[in-house]
Amino acid sequence: RGGTVRVGLRGPRDLAQDVATRIGAAIAEVEAAASLFNSDSALSRLNAAGRLDDPPPVLLDLMRLSGEMHAMTDGRFDPTIQPLWRALAEGRDPAPAHAAIGLARVQVGPPIRLDKGQALTFNGIAQGYAADRVRGLLQEAGYRDALVDMGEFAALGGPFHISIEDPALGGIATRRLSGN
């Protein structure tokens with residue numbers, strides 16, 4: 001919401017306009033599925049109702065990826081933490097929200113059904129997912145070298161050098177990023 005997208009391209013300029021339109025559409029599709037800030041997004045509707053009969057493919061894909069990350073991290077990555085984040089932000093007792101955490105209690109269909117007191121957030125995965133989708137669009141369009149910066153980086157080709165900056169200290173490190 002209100003973020004900046006930067007795409008550094010190395011390749012023919014005549015592809016840029018079409019690709020820019022496709023990038024915008026891909027980002028809009030992810031936001032329509034996973035935004036917590038848009039009350040009309042699929043995620044907001046799911047969180048409000050506890051059930052979503054017609055989840056868009058992007059939301060199902062994020063659920064699948066979240067399930068994989070949940071398994072790979074022995075449950076440390078869990079998108080059902082949204083009520084806990086909200087309780088902490090609002091200064092409420094976090095115990096009831098903490099008790100609602102548990103991805104295994106979410107039924108993924110369609111439909112998607114949340115257990116009592118649950119809500120989801122994809123803030124830990126949606127930006128990277130969107131950056132990977134943009135990288136895929138660029139690859140399909142024939143670009144061999146591109147760097148996508150959406151708060152998460154995705155590289156196609158490279159190498160690219162990414163600076164890590166501290167607001168007070170300035171640049172503190174540089175990392176090299178390549179991708180296929």
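**Exercise 1. Decide whether Thr 80 is buried or exposed, and find what surrounds Thr 80.**

Step 1. Thr 80 has a relative accessible area of 0%. Buried means under 20%, exposed over 50%, and partly exposed in between, using a 1.4 Å probe and protein chains only, so Thr 80 is buried. This is a predicted model, in which local features need pLDDT of at least 70 and side-chain atom pairs count only at pLDDT 80 or more, while totals for chains, interfaces and linings use all residues. Residues are numbered from 1 along each chain as its sequence is written, and side-chain values use heavy atoms, with hydrogens and water left out.

Step 2. Place Thr 80 in the fold: Thr 80 sits in the loop between H3 and H4. Helices (H or I, at least four residues) and strands (E, at least two) are DSSP runs, numbered from the N terminus.

Step 3. List the contacts (heavy atoms within 4.5 Å). Setting aside residues up to four places away in sequence, Thr 80 touches Ala 100, Ile 101, Gly 102, Leu 103, Val 106, Gln 118, Ala 119 and Leu 120.

Step 4. Look for a polar partner. The side chain of Thr 80 comes to 2.8 Å from the backbone nitrogen of Gly 102. A polar contact is a pair of N or O atoms within 3.5 Å; within protein, one must be able to donate a hydrogen and the other to accept it, and residues adjacent in sequence count only if both atoms are side-chain atoms.

**Exercise 2. Work out which backbone atoms lie by the side chain of Ser 41.**

Step 1. Ser 41 belongs to the loop between H1 and H2, and with a relative accessible area of 1% Ser 41 is buried.

Step 2. A polar atom of the Ser 41 side chain is 2.5 Å from the backbone oxygen of Ser 35, and a polar atom of that side chain is 3.0 Å from the backbone nitrogen of Ser 44.

Step 3. Beyond neighbours within four places in sequence, Ser 41 contacts Glu 31, Ala 32, Ala 33 and Ser 35.

**Exercise 3. Describe the largest nonpolar core.**

Step 1. Such a core is a set of buried Ala, Val, Leu, Ile, Met, Phe, Trp, Tyr and Cys residues joined through side-chain atoms within 4.5 Å. The largest one has 35 residues, and Leu 59, Leu 120, Phe 122 and Leu 138 have the most contacts inside it.

Step 2. Two or more residues of this core come from each of helix H1 (16-34), H2, helix H3 (57-72), helix H6 (126-140), strand E4 (145-149) and strand E5 (153-166).

Step 3. Zoom in on Leu 138: not counting residues up to four places away in sequence, Leu 138 touches residues including Val 7, Leu 9, Tyr 143 and Leu 156.

**Exercise 4. Find the unusual backbone angles of Asp 74, Pro 111 and Pro 159.**

Step 1. Recall the background: most residues other than glycine have a negative phi, and most peptide bonds are trans.

Step 2. Asp 74 has a positive phi, near 55 degrees, without being glycine. Asp 74 lies in the loop between H3 and H4 and counts as exposed at 66% relative accessibility.

Step 3. Pro 110 and Pro 111 are joined by a cis peptide bond with omega about -5 degrees; Pro 111 is in the loop between helix H5 (95-99) and strand E3 (112-113).

Step 4. The bond from Gly 158 to Pro 159 is also cis, with omega near 10 degrees, and Pro 159 is part of strand E5.
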